[in-house]
Amino acid sequence: ERARAEAAGEDVLKGMLPLDEDFWWSTLEEDYWYPPPSSSVALVLSEFVGSDYARAVFNNVRAPGTDYGRIGGMFESVRLRNGTLELTLRQTYNNIEGLLDRLTKYLRARIPDLRAVHQVLADGYNIL
């Protein structure tokens with residue numbers, strides 16, 4: 001246990017974060033949804049939606065001002081199951097070229113223990 005805790009501490013110093021336990025957050029259940037601040041996935045997604053790149057995406061789709069910088073502004077649901085992150089984008093963001101590729105690279109750099117990232121679509125999954 002001690003060695004694992006020390007290793008986790010070293011990873012945080014390098015910018016890498018540990019993988020969370022399984023969870024499921026959804027904006028379909030609540031209008032305003034705030035993941036717990038201790039979540040690595042929430043931290044990385046918050047960094048992403050707060051980035052200059054995401055701001056340009058929000059501007060491009062003319063998102064309401066209340067969506068800027070919020071995980072729930074870009075995603076309908078976020079689910080982590082057995083190391084696989086399943087993301088459901090809001091309809092507005094489904095056709096933004098390169099968005100999920102960029103997000104996937106960022107997630108894997110910050111949380112290297114992620115096994116896979118999948119986009120949930122109406123007819124199945126897009127494996128990224």
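**A guided look at strand β3 and its neighbours**

Visitor: A polar contact joins the side chains of Glu 86 and Arg 81, but over what distance in Å?

Guide: This is a predicted model, and the distance is computed from its atoms. Glu 86 lies in strand β3, and its side chain meets that of Arg 81 in a polar contact of 2.9 Å.

Visitor: Is Glu 86 buried or exposed?

Guide: A residue counts as buried when its relative accessible area is under 20%, and as exposed when that value is over 50%. For Glu 86 the relative accessible area is 9%, which is under the first cut-off, and therefore this residue is buried.

Visitor: How many of the residues of β3 are buried?

Guide: Glu 86 shares one side of the strand with Thr 84 and Thr 88, while Leu 85, Leu 87 and Leu 89 are on the other, and all of these residues are buried. Both faces of β3 are therefore covered, and the strand is largely enclosed by the rest of the structure. The count of buried residues in β3 is 6 of the 6.

Visitor: Which residue is the bridge partner of Arg 79 in β3?

Guide: The strands β2 and β3 pair in the antiparallel sense, with 6 bridges between them. In one of these pairs Phe 75 has Leu 89 as its partner in β3, whereas the partner of Arg 79 in β3 is Glu 86.

Visitor: Which residue in the turn of the hairpin formed by β2 and β3 has a positive phi?

Guide: The hairpin leaves 2 residues between its strands, and the loop in question runs between β2 (75–81) and β3 (84–89). At 53% relative accessibility, the residue we are looking for is over the 50% cut-off and therefore counts as exposed. With a positive phi of about 55 degrees, it is Asn 82.

Visitor: How many bridges join strand β1 to β2?

Guide: Strand β1 covers residues 23–26 and runs antiparallel to β2. Within this arrangement Ser 26 stands opposite Ser 77 in β2. The number of bridges that join β1 to β2 is 4.

Visitor: Through which helix does the chain cross from β3 to β4?

Guide: Strand β4 (residues 116–121) runs parallel to β3, and 4 bridges join the two. Among the paired residues, Leu 87 has Gln 119 as its bridge partner in β4. The β-α-β crossover between these strands is right-handed, and the chain makes it through residues 99–110, which form helix α5.

Key:
Residues numbered from 1 in each chain as written. Predicted model: local features only at pLDDT ≥ 70, side-chain atom pairs only at ≥ 80, totals over all residues. Heavy atoms only, no water. Buried < 20%, exposed > 50% of the residue type's maximum accessible area, 1.4 Å probe, protein only. Polar contact = N/O pair within 3.5 Å; in protein donor to acceptor, adjacent residues only side chain to side chain. Pairing = 2+ DSSP bridges. Right-handed = clockwise from strand over helix to strand, strands pointing away.
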